[in-house]
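Subject: The structure we talked about

Hi,

Here is the structure I promised to pass on. Have a look at it first, then read my notes below.

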Amino acid sequence: MKKIERIHFLSRAEQLAPLRQFVRDLARRQGCCEENLEHMVMAINEACMNVIQHAYHGKDDGEIVIEFWQDGNELLIRILDFAESVELENIQSRDLDDVRPGGLGVHLIHEVMDVVEYKNQVDSAGNVLEMRKTLGNPSSCSVTNRT
């Protein structure tokens, strides 16, 4: 596995538009097909918005770090925050029958990414989200192995 990029930014919603473009550019350089690229962009955006809203409770001075690793034909995305560690079993989507705005980011992330794992940071406060997505090619773009 090879680390290909590491970025960090403050927990501000206005940081998400440049982040989305950065992820698009990075994924294209790694040979990611457009469908999987857009899934990654959506999942990373949702995850970072969740960190801003729920981990940092809207405070704009929290740090978010994103690492991008290439592992063969997969991209591993690791999102780290330094907020209070959460109880991992509490990270879940609301009931899909509960029709109202918001609250579906976790569900969406699990739907579009191949692998999603939530962890607590080992040696400090904070949380880690690891997601994997196949870079793919146009003929394999829709194939995923969700876990």
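One definition before we start: an angle between two elements is taken between their N-to-C directions and runs from 0 to 180 degrees, with axes being lines fitted to C-alpha atoms. Keep that in mind for helix α3 (residues 105-112), which lies across β4 and β5 and runs at about 130° to β4. Also remember that this is a predicted model.

**The sheet**

Let's go to the strands next. Strands of a sheet pair through backbone hydrogen bonds, either parallel or antiparallel. Which of the two do we have here, and in what order do the strands sit? The pairing is antiparallel, and 5 strands make an open sheet in the order β1-β2-β3-β5-β4. At the edges you'll find β1 (2-10) and β4 (115-120), each of which pairs on one side only. On average, neighbouring strands of this sheet are turned by 15° against each other, ignoring direction.

If you want one pair of strands to zoom in on, try β3 (residues 74-81) and β5 (residues 127-134), which pair in the antiparallel sense over 8 bridges. For example, I79 has L129 in β5 as its bridge partner. Helix α2 (residues 34-55) packs on the sheet and touches β1, β2 (63-71), β3 and β5. The direction of α2 makes about 10° with that of β3.

**Helix α1**

Now turn to α1 (residues 16-29), a helix of 14 residues. From its first C-alpha to its last it reaches 20 Å, close to the 20 Å expected at 1.5 Å a residue. Which residues of α1 are buried? They are L16, L19, V23, L26 and A27. These buried residues sit on the same side of α1, because they cover an arc of only 95° around the axis. And what covers them? The cover includes β1, α2, β2 and β3. After α1 comes G31, which has a positive phi, near 85°.

**Salt bridges**

Last topic: charged side chains. A salt bridge here needs a side-chain nitrogen of Lys or Arg within 4 Å of a carboxyl oxygen of Asp or Glu. By this rule, the count comes to 11 salt bridges.

Here are some to look up:

- K3 and E67 meet through their side chains at 3.7 Å, N to O. Since K3 lies in strand β1 and E67 in strand β2, this salt bridge ties together parts that are 64 residues apart in sequence. K3 is partly exposed, with a relative accessible area of 38%, whereas E67 counts as buried at 9% relative accessibility.
- R24 and E38 form a salt bridge at 3.0 Å, N to O. R24 belongs to helix α1 and E38 to helix α2, so the pair ties together parts that are 14 residues apart in sequence. E38 is partly exposed, and its relative accessible area is 31%.
- E34 and R28 also meet in a salt bridge, at 3.0 Å, N to O. E34 is partly exposed, with a relative accessible area of 40%, and R28 counts as partly exposed at 39% relative accessibility.

Some salt bridges share partners, and in that way K3, R6, E67, R78, K119 and E130 are joined into one network. Try clicking through those six in the viewer, starting from K3 and E67, the pair that meets at 3.7 Å.

Cheers

Key: Residues are numbered from 1 along each chain as its sequence is written. This is a predicted model: local features need pLDDT of at least 70, side-chain atom pairs count only at pLDDT 80 or more; totals for chains, interfaces and linings use all residues. Side-chain values use heavy atoms; hydrogens and water are left out. Two strands pair if DSSP finds at least two bridges between them. Helices (H or I, at least four residues) and strands (E, at least two) are DSSP runs, numbered from the N terminus. Contact means heavy atoms within 4.5 Å. The expected span of a helix is 1.5 Å times one less than its number of residues. Buried means under 20% relative accessible area, exposed over 50%, partly exposed in between (1.4 Å probe, protein chains only). The arc is that of the directions from the helix axis to the C-beta atoms.
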